Amino acid sequence: MNQSSERANKRRITGNIFKGSVGNLIEWYDWYVYSAFAVYFSEAFFPKGDPTSQLLNTAAIFAVGFLMRPLGSLLMGRYADRHGRRAALTLSITVMAGGSLIIALTPSYATIGVMAPAILVLARLLQGLSLGGEYGTSATYLSEMASSGRRGFYSSFQYVTLVAGQLLALGVQIVLQQTLSESDMMSWGWRIPFVIGAMGALAVLWLRRTMDESEQFSNMGSKSRENAGTIRTLMKHPKAVLTVVGLTLGGTVAFYTYTTYLQKYMVNTVGLDKEVVSLINFIALLIFVVLQPLAGMLSDKIGRRPLLISFGILGTLFTVPLFLIMEQTKSPIVAFLLMMAGLIIITGYTSINAIVKAELFPTEIRALGVGFPYALTVAVFGGTAEFIALWLKSSGVETFFYFYVAACIAVSLISYLRMGESSKVSHIEAEIDAMKKR
């Protein structure tokens, strides 16, 4: 391959990675906007009365959307393995755009009564379905489109865009809070971020329609296509499925603990001001975003397993001490440094978990294999982390949660120690080598 052809190929890869990644960002923005603005729109969808009850109803609908993610990964993963990654990613962003637009345009409870919360539930179900399908398909596409020797780097953008979506939602909230009055936010301002999300999703829809399909899917044989994306085919890879579960368990508990629950912990347990905590979280997550491609690049040089093992060992040993020290501090700087320490530790998982899972499965079952076991594990363990933490705090034994997180990471550490180096036995690389020999 001459230099001009090589440069053109790099531009093509970079362009496709961008189109896949920016869609992931918008998907996660739409997902997080709901919780970020719930305090403003809960009154619009439920009868007037106790604000806490309104927020609880809104939170319950958030949970329903979360529980839809395994179903979304099952349906969308099957669709991606049978009809292509591009088709599935295009469908996913279309569904998410529809969900956001429905929320933005739905009349209030005062106008249409009980239909308002019913429509909100429908919209959230659509968003949960979409996001559930996005992870496995996006991780598969990024891993397949990346060039050999750079797959760790490119696939790390899965979590770059995931956290960036959360930061974008927070940024929009800050801008609107500074621009609109409290009454305007409660009345109509909360609809703006959902309109932004819907418009962003439609823009991504156009981008994704111009993406190239991955070579692995395009070159999949007719016999493989017949069995692609089925549970029966997935069950032919029990070791890989269990590896995904073991790989994810400790990582998802740690991720939701340090990126979601920690903000409430700093306020409720440490006693820091909400504004200070928001700033700590924003800066820490911004640095966390930058760490992902650096760690992904490192995995391309030394392998995936060393990073996973380092996360497992450090997470098991230092989670409890980090929380015990944070519990006693009153310094925002110390709290920030402790949060960063935790985020640096879990970068060993977040930066490369997508590529590791993709390397475990052949093309005909990759999207379903990556997405479905992951979504189930996240729903059971990641989605319940905050509830368990708050329940243990209310029971007066909050310290038990620190040990729970460490124990979950220890279980994953066992999986990391037992698994091989995925980049050395990668189905993706093996399939590419086979295509070159044809």
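This report covers the voids, the aromatic contacts and a few single residues of one structure. The model is predicted.

**Cavity**

The structure holds 1 cavity of 30 Å³ or more. About 50 Å³ of space lies in the largest cavity. Its lining consists of Trp-28, Arg-69, Tyr-159, Leu-162, Thr-252, Phe-255, Tyr-256, Tyr-349, Tyr-374 and Val-378. Helices α9 (157–179), α15 (238–270) and α20 (366–382) each give two or more residues to that lining. The largest share, 3 residues, comes from α15. By class, the lining of the largest cavity divides into 8 nonpolar, 1 polar and 1 charged.

**Pocket**

The second largest pocket has a volume of about 330 Å³. It is lined by 14 residues. Nearest the centre of this pocket lie Ala-146, Ser-147, Arg-151, Glu-215 and Ile-432. Four helices each supply at least two lining residues: α1 (3–36), α7 (115–145), α12 (215–218) and α23 (427–437). The class count for this pocket is 5 nonpolar, 4 polar and 5 charged residues.

The two linings compare by class as follows.

| Void | Volume | Nonpolar | Polar | Charged |
|---|---|---|---|---|
| Largest cavity | about 50 Å³ | 8 residues | 1 residue | 1 residue |
| Second largest pocket | about 330 Å³ | 5 residues | 4 residues | 5 residues |

**Aromatic pairs**

The count comes to 18 aromatic pairs. One of them joins Phe-153 and Tyr-154, with ring centres 5.2 Å apart. The planes of Phe-153 and Tyr-154 stand at 65 degrees, and planes over 60 degrees apart count as edge-to-face, so this pair is edge-to-face. Phe-153 has a relative accessible area of 14%, so this residue is buried. Tyr-154 is buried too, because its relative accessible area is 10%.

A second pair is formed by Phe-311 and Tyr-349. This pair is tilted, at 5.9 Å centre to centre and 35 degrees between the planes. Which parts of the chain does the pair link? Phe-311 sits in helix α17 (residues 305–328), Tyr-349 in helix α18 (residues 332–350). The partners are 38 residues apart, and the pair links distant parts of the chain. Phe-311 and Tyr-349 are both buried. Tyr-349 also helps line the largest cavity.

There is also an aromatic cluster. Its members are Tyr-258, Tyr-261, Tyr-265, Phe-323, Phe-401, Tyr-402 and Tyr-404.

**Charge over rings**

Arg-124 serves two rings. Arg-124 lies over the face of Trp-31, at 4.0 Å from the ring centre. The charged end of Arg-124 also sits over the ring of Tyr-34, 4.2 Å from its centre.

**Single residues**

Is Ser-156 buried or exposed? Its relative accessible area is 0%, and buried means under 20%, so Ser-156 is buried. Ser-156 lies in the loop between α8 (151–155) and α9. Setting aside neighbours within four places in sequence, Ser-156 is in contact with Gln-292, Pro-293, Gly-296 and Ser-351.

Leu-390 belongs to helix α21 (residues 385–394). Its relative accessibility is 35%, which lies between the 20% limit for buried and the 50% limit for exposed, so Leu-390 counts as partly exposed. Leu-390 and Ala-367 are 23 residues apart in sequence. In space, Leu-390 and Ala-367 are 34 Å apart, C-alpha to C-alpha.

Notes. Residues are numbered from 1 along each chain as its sequence is written. This is a predicted model: local features need pLDDT of at least 70, side-chain atom pairs count only at pLDDT 80 or more; totals for chains, interfaces and linings use all residues. Side-chain values use heavy atoms; hydrogens and water are left out. On a 1 Å grid over the protein atoms alone, a cavity is a set of points where a 1.4 Å probe fits but cannot get out, and a pocket is an open set with protein on both sides within 12 Å along at least five of seven lines; lining residues have an atom within 4 Å of a point. Grid points are joined across faces, edges and corners, and a volume is the space filled by probe spheres set on the points. Ala, Val, Leu, Ile, Met, Phe, Trp, Tyr, Cys and Pro count as nonpolar, Asp, Glu, Lys and Arg as charged, and the others, Gly among them, as polar. Rings of Phe, Tyr and Trp (its six-membered ring) pair if their centres lie within 6.5 Å; planes under 30 degrees apart count as stacked, over 60 as edge-to-face and the rest as tilted. Buried means under 20% relative accessible area, exposed over 50%, partly exposed in between (1.4 Å probe, protein chains only). A charge sits over a ring if NZ of Lys or CZ of Arg is within 6 Å of the ring centre and within 35 degrees of the ring normal. Contact means heavy atoms within 4.5 Å.
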